[in-house]
Amino acid sequence: MQNFEIYNPTYFVFGRGTQSRAGELVRRFGGHKALIHYGGGSVVRSGLLAEIEKSLDAAGIPYVTLGGVKPNPRSGLVYEGIELCKREKVDFVLGVGGGSAIDSGKAIAAGAVYDGDFWDIWSGKVPYANALPHGCVLTLPATGTEGSNSAVVTNEQLLLKRGTRSDFNRPCFAILNPETTFTLPAWHTACGVADIMAHIIERYFTNTPDVDVSDRLCESVLQTVIKYGPVCLAEPDNYEARAAVMWAGTLAHNGQLGVGRQEDWASHALGHELSALYDSTHGATLSVIIPHWMRYTLPGHEMRMAEFAVRVWGCQMDFEHPERTALEGIDRLSVFWKSLGLPLTFAELGAKEEDIPELTRKCKCGADGTVGNFKKLAKPDVEAIFRACCEE
Ligand code: NZQ
Ligand code: ZN
């Protein structure tokens, strides 16, 4: 296990009716005037926004509201939110909704205390040095943003989707009521399941030895999602299934499952390019990329991938041919995602083979020109994975 540091300060309030705590929590974490930031209207239709407003009223917290966050949140609305916060002297941002509304809120919180263009921070030009305190009310188990140190925004001028990682992105509090997820359409439920699993897979496939604690935690959270994801689809108002998936989503991406190990994140980098170009739903980009990434990175990693097959999917270990066990595990993952209605190929996602050179060119690589760690992928590798995604 490698040395590690983790700062995980989010105060979680989980369960039925917990949205009524929003006002009290804004006050507890230092807010005097809030921005309530939300998406395209699901929280208006469900009545959640009205409940949050009522809670802030009861706590004596004045607020302004800004809705309209689109999936794959855009920088345009972030600029608008920053201006609003500065003008109205907002000192606390409350994101209400899915990962897009919450991430947009995180970017607003950062931009509201920065004199320049917030994209300087999101593009890595200047260090992320401060943010307004922020909290969230989550309605879509998927991104883990409710406890994560990251936030992803698309610059619509540059067609670039970029994330920041900083402890300033960690919410002061997160309210999670599984009942608020009953209204999720099957597609977003399934994409959420894929994203949760992807966050674990990005950590599970590591070359760091002796990380058994987090390995076993990864496997158990994956198994929980594999068990309850289909139940959420079959019975959208099954509280226990929704609750299991919701908390699994938080555990998958609040940092705990990656401690002491090198994480990968190549699949997310490739997936972000698909969302930037086609506005694809994040989880669906991952169900396309990950099985192909696994097949591509399999040579040299047979035992690790076979371990995934055996421990997560219950495959029988073939000690003479571990690659066969590994491939069986990859197939089981693909079949599972397919059964949830998720795409596995470019064609099913609506991505185009002729765009592969552009997707490859834009894919964000580190200073050494590669992306990922389990296998360091240079641009030709990235291109090869995109090409593999075009095959049935
Ligand atoms: O916009 P509204 O009307 O609210 O509708 C949303 C949206 O259309 C709808 N929805 C959300 N909760 C609902 C609901 N509909 C009915 N009932 C509910 N309870 O679902 C649609 C998708 O919402 P969105 O917020 O876009 O989805 P998600 O939570 O998957 O967030 C995706 C974004 O988060 C980023 C992704 O890249 C993408 O931009 N990620 C953020 C991460 C982080 N901050 O840590 C990590 C992830 O890897 C990811 O990159
Ligand atoms: Zn993700």
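**Helix packing, buried positions and backbone geometry**

Pro343 touches Trp187, Ala284, Ser287, Val288, Glu348 and Leu349, not counting residues up to four places away in sequence. The model described here is predicted. Pro343 lies in the loop that runs between H13 and helix H14 (346-349). With a relative accessible area of 5%, Pro343 is buried. Its C-alpha atom is 38 Å from that of Arg21, and the two residues are 322 positions apart in sequence.

Ser287, one of the residues touched by Pro343, also takes part in the contact of H11 with H13. Two packed helices are described by the angle between their axes and by the distance between those axes. For helix H11 (residues 282-297) and helix H13 (residues 322-339), the angle is about 170° and the axes are 10 Å apart. Because angles over 145 degrees count as roughly antiparallel, H11 and H13 are assigned to that class. On the H11 side, the contact is made by Leu286, Ser287, Ile290, Pro291, Met294 and Arg295. On the H13 side, the residues are Leu327, Ile330, Asp331, Leu333, Ser334 and Trp337. By class, this contact has 8 nonpolar, 2 polar and 2 charged residues.

Thr285 is also located in helix H11. The relative accessible area of Thr285 is 0%, so this residue is buried. Residues up to four places away in sequence aside, Thr285 touches Gly271, Leu274, Ser275, Ser280 and Leu349. Leu349 is likewise among the residues touched by Pro343. Between Thr285 and Glu235, which are 50 residues apart along the chain, the C-alpha separation is 25 Å.

Gly271, Leu274 and Ser275, which Thr285 touches, are among the buried residues of H10. Helix H10 (residues 266-278) has 13 residues, and at 1.5 Å a residue it should span 18 Å; the C-alpha atoms at its ends are 19 Å apart, in agreement with this value. Of the 13 residues, 11 are buried, and H10 is thus mostly covered. The buried set consists of Ala266, Ser267, His268, Ala269, Leu270, Gly271, His272, Glu273, Leu274, Ser275 and Ala276. Asp279, just after H10, takes a positive phi of about 60°.

Most residues other than glycine have a negative phi. Two further exceptions are found in loops. Asn72 has a positive phi, near 60°, and is placed in the loop between strand S3 (63-66) and helix H4 (75-88). Asp210, also not a glycine, has a positive phi of about 60° and is placed in the loop between helix H7 (186-204) and helix H8 (212-234). As to accessibility, Asn72 is buried, with a relative accessible area of 8%, whereas Asp210 is exposed at 59%.

Met197 is found in helix H7. At 1% relative accessibility, Met197 counts as buried. Contacts of Met197, leaving out residues up to four places away in sequence, are with Leu222, Val225, Ile226, Trp313, Leu333, Phe336 and Trp337. Of these, Leu333 and Trp337 also belong to the H13 side of the contact with H11. The C-alpha atoms of Met197 and Arg87 are 40 Å apart, with the two positions 110 residues apart in sequence numbering.

Lys33 occupies the loop between helix H1 (22-28) and strand S2 (34-38). Apart from residues up to four places away in sequence, Lys33 touches Ile61, Pro62, Val64, Glu88, Lys89, Val90, Asp91 and Phe92. For Glu88, which is 55 residues from Lys33 along the chain, the C-alpha separation is 8.4 Å.

A search of the whole structure for disulfides returned 0. A disulfide is a covalent bond between the sulfur atoms of two cysteines. For Cys85, the closest cysteine sulfur is that of Cys172, at 14 Å, which is too far for a bond. Cys191 is likewise in no disulfide, the nearest cysteine sulfur being that of Cys232, 14 Å away. Cys85 counts as buried at 3% relative accessibility, and Cys191 also counts as buried at 3%.

Note on methods
Residues are numbered from 1 along each chain as its sequence is written. Chains are lettered from A and ligands numbered from 1 in the order in which they are written. This is a predicted model: local features need pLDDT of at least 70, side-chain atom pairs count only at pLDDT 80 or more; totals for chains, interfaces and linings use all residues. Side-chain values use heavy atoms; hydrogens and water are left out. A disulfide is a pair of cysteine sulfur atoms within 2.5 Å. Buried means under 20% relative accessible area, exposed over 50%, partly exposed in between (1.4 Å probe, protein chains only). Helices (H or I, at least four residues) and strands (E, at least two) are DSSP runs, numbered from the N terminus. The expected span of a helix is 1.5 Å times one less than its number of residues. Axes are lines fitted to C-alpha atoms, for helices over the stretch in contact, and angles run from 0 to 180 degrees between N-to-C directions. Angles under 35 degrees count as roughly parallel, over 145 as roughly antiparallel, 65 to 115 as roughly perpendicular and the rest as oblique. Contact means heavy atoms within 4.5 Å. Ala, Val, Leu, Ile, Met, Phe, Trp, Tyr, Cys and Pro count as nonpolar, Asp, Glu, Lys and Arg as charged, and the others, Gly among them, as polar.
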